[in-house]
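Reader: I'm new to this one, and I'd like to know how the labels people put on it are earned. Could you walk me through the reasoning?

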Amino acid sequence: MKVTNFEDLRGDDTYIYYRRTYSAIAVLEFLNKQAKVKVTFTIEVGPLGNKDIYVDYPNGIDFDYPLLPVTKALKEFILIKDNEGSLPT
């Protein structure tokens, strides 16, 4: 299971400076298949600089893979992209 890219990535306006919200279409690759899943995620920076990432899926999501590994891979991919500075502000 691997996250390859984000399509249509955009940041949503928030009024809390330590919380950033995004919506995107995640391109997932598993078992020689690709799937596109609409996701929203939030990155919240704690008082000590730690980053908590929350991933939400729309109702009725349907793909043939367990949800827990997908969520874990998405969180890792989001953290890498955030540390690179490639997420919109």
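**How the labels are earned**

Author: Let's begin with contacts: among those in the chain between residues at least 6 apart in sequence, 39% join residues at least 24 apart. Keep in mind that this is a predicted model.

Reader: What elements does the chain have, and in what order do they run?

Author: There are four strands and one helix. Starting at the N terminus, the order is β-β-β-β-α.

Reader: What makes the chain as compact as a globular protein of that length?

Author: Its radius of gyration is 13 Å, and the globule rule gives 12 Å for 89 residues. Those values are close, so the chain counts as being as compact as a globular protein of that length. Along the principal axes, the C-alpha atoms fill a box of roughly 40 × 20 × 20 Å.

Reader: How much of the chain is buried, and how much area does the chain expose?

Author: Buried residues are 33% of the 89. The chain exposes about 6,100 Å², with carbon and sulfur atoms supplying 50% of that.

Reader: Why is Asp-82 called buried?

Author: The cut-off for buried is under 20% relative accessible area. Asp-82 comes in at 11%, so Asp-82 counts as buried. This residue is in helix H1, which covers residues 67-84.

Reader: How do you know that Asp-82 and Lys-51 make a polar contact?

Author: A polar contact needs N or O atoms within 3.5 Å, and the side chains of Asp-82 and Lys-51 are joined at 2.6 Å. Leaving out residues up to four places away in sequence, Asp-82 touches Arg-20, Ile-43, Lys-51 and Leu-87.

Reader: And Thr-42, why does that one count as buried?

Author: The same test works here: the limit is under 20%, and Thr-42 has 12% relative accessibility, so Thr-42 counts as buried. Thr-42 lies in strand E3. Among the residues Thr-42 touches are Arg-19, Asp-52 and Tyr-54.

Reader: How many aromatic pairs are there?

Author: The count is five. One of them is Phe-6 with Phe-77.

Reader: What makes the pair of Phe-6 and Phe-77 edge-to-face?

Author: Rings pair if their centres lie within 6.5 Å, and planes over 60 degrees apart count as edge-to-face. Phe-6 and Phe-77 have 5.2 Å centre to centre and 75° between the planes, which fits that label. Phe-6 sits in strand E1 (residues 2-12) and Phe-77 in helix H1, so this pair ties together parts 71 residues apart in sequence. Phe-6 and Phe-77 are both buried.

Reader: Why is the pair of Tyr-22 and Phe-41 called stacked?

Author: Stacked asks for planes under 30 degrees apart. The planes of Tyr-22 and Phe-41 are at 25°, with ring centres 5.2 Å apart, so the pair is stacked. Tyr-22 is in strand E2 (residues 19-30) and Phe-41 in strand E3 (residues 33-45), so the pair ties together parts 19 residues apart in sequence. Tyr-22 and Phe-41 are buried too. Phe-6, Tyr-22, Phe-41 and Phe-77 form one aromatic cluster.

Reader: Which residues touch the most other members of the largest nonpolar core?

Author: Phe-6, Phe-41 and Leu-74 do, out of 22 residues in that core. At least two core residues come from each of E1, E2, E3, strand E4 (51-56) and H1. Not counting residues up to four places away in sequence, Leu-74 touches Val-3, Phe-6, Ala-26, Val-39, Val-55 and Tyr-57.

Terms used:
Residues numbered from 1 in each chain as written. Predicted model: local features only at pLDDT ≥ 70, side-chain atom pairs only at ≥ 80, totals over all residues. Heavy atoms only, no water. Buried < 20%, exposed > 50% of the residue type's maximum accessible area, 1.4 Å probe, protein only. Polar contact = N/O pair within 3.5 Å; in protein donor to acceptor, adjacent residues only side chain to side chain. Contact = heavy atoms within 4.5 Å. Phe/Tyr/Trp six-rings, centres within 6.5 Å; stacked < 30°, edge-to-face > 60°. Rg over C-alpha atoms; globule rule 2.2 N^0.38 Å. Areas by Shrake-Rupley, 256 points an atom, 1.4 Å probe, with all protein chains shown as cover. Core = buried A, V, L, I, M, F, W, Y, C linked by side-chain atoms within 4.5 Å.
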